[in-house]
Amino acid sequence: MTKTNNVKLVGYAGANPELVELKNNRYKKATLSLATNESYKKNGEWFKVTTWHKVVAWNNTAAKMCELIQKGSRLSINGKVNYRQVKTDKGTMTLSEILVNDFTIEPSKLNHFIFILKVIPLMHT
């Protein structure tokens, strides 16, 4: 059967992932804010729109995210959209979040620059 609730997002980590251990450390949950950017042109002028997504990972994936991801990391996330109801003092609201199946850390200019700064001095010693 084909999954119909699939999402792939490529964006940047807004902060380091936060890890919470639940039920006597049997489960791990990591949350992360991911920023995705879109650009469009209107009347000859370029505009950039940033959308923030709440990303949630569980157990081994959660642990790996916390180990590997830091603020500013460029990520590709595969998962599904999940909606849940949350009660607040103002009533009930619906939250959307991306449940992570897997992720990769994408190369970025900053990561490449840091790699060069670390490797080049080693080559000259």
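**Note on the predicted model**

1. L68 is partly exposed, since its relative accessible area of 44% falls between the 20% limit for buried residues and the 50% limit for exposed ones. The model under discussion is a predicted one, and the points below begin with this residue before turning to the chain as a whole.

2. L68 belongs to helix α1, which covers residues 59-68. Once neighbours within four places in sequence are set aside, the contacts of L68 are with F103 and I105. A further spatial relation links L68 to N16: the two residues are 52 positions apart along the chain, and their C-alpha atoms are separated by 9.5 Å.

3. The overall architecture may be stated briefly. The protein contains two helices and six strands, and their order along the sequence is β-β-β-β-α-β-β-α.

4. As to packing, the protein has 125 residues, of which 22% count as buried. Among contacts with a sequence separation of 6 or more, 56% are between residues 24 or more positions apart. The surface exposed by the protein comes to about 9500 Å², and carbon and sulfur atoms supply 53% of that area.

5. Which residues have the most contacts inside the largest nonpolar core? They are L32, V55, M65, I69, L75, I77 and V100, in a core of 16 residues. Two or more residues of this core come from each of the following elements: β1 (7-13), β3 (27-42), β4 (45-58), α1, β5 (74-88) and β6 (91-105).

6. V100, one of the core residues named above, merits separate mention. Leaving out residues up to four places away in sequence, V100 touches V55, V56, A57, T61, M65, I77, N78 and G79. Among these partners, V55, M65 and I77 are also listed with the most contacts inside the core.

7. The structure holds one aromatic pair. Its members are Y40 and F47, whose ring centres lie 5.4 Å apart and whose planes meet at 20°. The pair is classed as stacked because the angle of 20° is below the limit of 30 degrees.

8. Are the two residues of this pair buried, exposed or partly exposed? Y40 has a relative accessibility of 38% and therefore counts as partly exposed. F47, at 32% relative accessibility, is likewise partly exposed. Both values lie between the 20% and 50% limits, as does the 44% of L68.

Note on methods:
Residues are numbered from 1 along each chain as its sequence is written. This is a predicted model: local features need pLDDT of at least 70, side-chain atom pairs count only at pLDDT 80 or more; totals for chains, interfaces and linings use all residues. Side-chain values use heavy atoms; hydrogens and water are left out. Helices (H or I, at least four residues) and strands (E, at least two) are DSSP runs, numbered from the N terminus. Buried means under 20% relative accessible area, exposed over 50%, partly exposed in between (1.4 Å probe, protein chains only). Contact means heavy atoms within 4.5 Å. Accessible areas come from the Shrake-Rupley method with a 1.4 Å probe; for residues, only the protein chains shown count as cover. A nonpolar core is a set of buried Ala, Val, Leu, Ile, Met, Phe, Trp, Tyr and Cys residues joined through side-chain atoms within 4.5 Å. Rings of Phe, Tyr and Trp (its six-membered ring) pair if their centres lie within 6.5 Å; planes under 30 degrees apart count as stacked, over 60 as edge-to-face and the rest as tilted.
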